[in-house]
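Reader: I should like to learn how to read a structural model with some care. May we take its features one at a time?

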Amino acid sequence: MAPFTNPTKHSNFRNRTLDEDRKIPSEMPSRDVYSCTKMISSYVNDFRLDDALQLFDETPVRDIVMWNLMINGCVSCGNLEMGLRLFDEMPEKNVVSWTTMVNAFFKYGMIEEAKGLFREMPVRDTAAWNAMVHGLFTNGRVEEATRLFDVMPDRNVISWTTMISGLDQLGRSDEALSIFRKMVGIGMKPTSTTFCSAISSCGKVGDFILGSRIHGQVTKLGYVFDTYVIASLITFYANCKRVEECVKAFNEKLHQNVVVWTSLLTGYGANDKHEDALRVFGDMIRLGIIPNQSSFTSALNSSREMEAHDWGKGIHGAAIKLGLETDAFVGNALVVLYSECGNIRDGVLSFKEITSKNIVSWNAIIVGCAQHGRGEWAISFFSQMAKTGINPDEITFTGLLNSCSHSGLLKKGRHFFECLQQHTTIEVKLEHYACMVDILCRSGKLEEAEDLVNSMPMEANLSIWLALLSGCRSQSNLEAAERAAKNIFDKDPHCAAAYVLLSNMYAFAGRWTDVARVRMSMKRAGTIKQPGRSWVTQKGSCHSFIASDKSHPLSEKIYEKVEWLRERLRENGYASDQRFALHDVEEEQKEAQLWHHSERLAICFALITGAEGSSITVMKNLRTCEDCHSAIKLIAKIVQREIIVRDSSRFHHFRDGFCSCGDYW
DNA sequence: TTAGGGTTAG
């Protein structure tokens, strides 16, 4: 070890490792309290509590600063008990010691203990009062915090800022802004911290005028280069849908701060500019700014919005390298990304990686399984969730009921609905009724479904009546369908889905006069049927098709593939179900029409462009027709590829001549 | 220039 001329006074600890430093005090004849305190502080910052405590124990002379630091160190390293023991043992306590302990209790959610300690304090300064107000806010006690602020003897700028940020963070940004106005009114000068919270509030309530005015003020005061202020400004402009202003605020200087970058990334996402968001994410990585949990969450959400499965997978890889895939926010985003991009297997794997699963994680996986018709998986996840002690909420039940509907689980569906109504305090909402109606309809219990709609405690909405109407279609019950349709048209005379369902039902029954009548009323109502559209996303580009579409650059090859498949299917004895063509045309034309449905064009596009043997994912805006459903089962078998189709309500996994929905959708 | 109180993205 290098000799020291005067290690006590002049040792320079910079450029040394903690362990090198560690040797110094024990070799010194009399330890300097100041340097030991500094060392303890370093250990604590590195979460090396044992080393900190050892040094603390070995130090013969300990002043109150060291005691206070050690208490705080125990608490911030997660050992409240030790902190409390030191607090009890310390020979003399000052106001800082008491405040440190009050904060410790709040940190662990021990509100009553914190309040008790505050009452016992022999002396309370403004910082102690501020700690109380802040602690109450962070534990959700808005009213108590406000009351305390009202009665505290002195208020400084920190007291006011605590109020503003506390209210803002608990969703009461309008009240936060009135406190801000009051503060300015009495002549109290806000600091950059105050401005941050006020700007955040402006964004949440959409007060563009006040936010811009504050922006002017912070510029004048020279706070505009403060990273906190910049990040708040970017988010404020994003919330106000002023993306250009976000970019302007960001471009004020070259940033190295991850939060500022993430604000921009998230801001783009919040304004549906997902490509820009992902570009920002790429720039961050190129510039060596290490993305954190939030950056990953936003980037994954943007990938999901773009249905860019391959990009999402790349971002997932980057998250794994940083060990962030186990984080709940990142993990939840991954589960939703994968399941919405048709890849429920990776959704489940990502879910399993999450270390601390929260209600959002459980809901994400249950809803994901529901969308993919994996009812049994969803129910099994639900039982696992119950074992962890996390209580289900209304989303969990929507997911469960949807699972039962998409997997045809009538008994389980009834059980969960009854459970929701009788054994929870969760409010039964319209969507729960819609799911139950769906379950009953799809199990052939049309009458019971109608009874349920008629006996509901609230008025049925459009989607409930539509669920019933769809049920009537699959049961071919025209009479009940007409009743449901009447209720729909009473509410919305423009409902395209209802016109289409009804007219298809008449066409099915060969009642062409009624078909014409429905089409006529649809025309009179000025309603236009939404055209069926299917698309495939590759490397962030969306290739979209409508029926008989010839606009794609690869159109010629796509139609060649269509003909090729048509021939292969015919060889396999496939006969198309021409009831789905639904037009008064020659038989041959009807078949050709079916072959030019958008999903078949999209599948052929994916077949000629995707890698050999890889699975194909197609998204569709409407429900897949039954003929396409049968055809795709065979196509999957012939080309030996998995074909995943997401229609308007769920995912279908076609493989080897079968569909995961079991022809039940 | 070693202890307690307020801030940014999701």
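**Reading burial, fold and DNA contacts**

Author: Let us begin with a single residue in this predicted model. Ser463 counts as partly exposed, because its relative accessibility is 41%, a value between the limits of 20% for buried and 50% for exposed.

Reader: Where in the chain is Ser463 placed?

Author: Ser463 belongs to helix α29, which covers residues 462-474. One may also ask how far a residue is in space from another that is distant in sequence. Tyr433 is 30 residues away from Ser463 along the chain, and their C-alpha atoms are 9.9 Å apart.

Reader: Is Thr194 buried or exposed?

Author: Thr194 is buried, because its relative accessibility is 0% and the limit for burial is under 20%. This threonine is located in helix α13, residues 192-205.

Reader: Which residues is Thr194 in contact with, apart from its neighbours within four places in sequence?

Author: Val157, Thr161, Ile164, Phe180 and Met183 are in contact with Thr194 when those neighbours are set aside.

Reader: How is the whole of chain A to be described?

Author: One may start with secondary structure and then turn to extent and burial. Chain A contains 36 helices and six strands. Its C-alpha trace spans about 105 × 55 × 50 Å along the principal axes. Of its 665 residues, 49% are buried. The accessible surface amounts to about 32300 Å², and carbon and sulfur atoms contribute 52% of it.

Reader: What share of the contacts with a separation of 6 or more joins residues 24 or more positions apart?

Author: In chain A that share is 60%. Charges can be treated as a group in a similar way: the mean positions of the 75 positive and 80 negative charges of chain A lie 2 Å apart.

Reader: Which residues come nearest to DNA strand B?

Author: Among the 41 residues around DNA strand B, the nearest are Asn68, Asp125, Asn156, Thr191 and Ser294. It is also useful to ask which parts of the DNA face the protein. Sugar or phosphate accounts for 47% of the atoms of DNA strand B within 4 Å of the protein, and bases account for the rest.

Reader: Which base atoms of DNA strand B have polar side-chain atoms of Thr191 and Thr193 beside them?

Author: For Thr191, a polar side-chain atom is 2.3 Å from a base nitrogen of DNA strand B. For Thr193, the partner is a base oxygen of that strand, at 3.3 Å. Thr37 also has a polar side-chain atom 3.5 Å from a base oxygen of DNA strand B.

Key. Residues are numbered from 1 along each chain as its sequence is written. Chains are lettered from A and ligands numbered from 1 in the order in which they are written. This is a predicted model: local features need pLDDT of at least 70, side-chain atom pairs count only at pLDDT 80 or more; totals for chains, interfaces and linings use all residues. Side-chain values use heavy atoms; hydrogens and water are left out. Helices (H or I, at least four residues) and strands (E, at least two) are DSSP runs, numbered from the N terminus. Buried means under 20% relative accessible area, exposed over 50%, partly exposed in between (1.4 Å probe, protein chains only). Contact means heavy atoms within 4.5 Å. Accessible areas come from the Shrake-Rupley method with a 1.4 Å probe; for residues, only the protein chains shown count as cover. Lys and Arg count as positive and Asp and Glu as negative; His and the chain ends are not counted. The place of a charge is taken as NZ of Lys, CZ of Arg, CG of Asp or CD of Glu. A residue is near a molecule or strand if one of its heavy atoms lies within 4 Å of it. A polar contact is a pair of N or O atoms within 3.5 Å; within protein, one must be able to donate a hydrogen and the other to accept it, and residues adjacent in sequence count only if both atoms are side-chain atoms.
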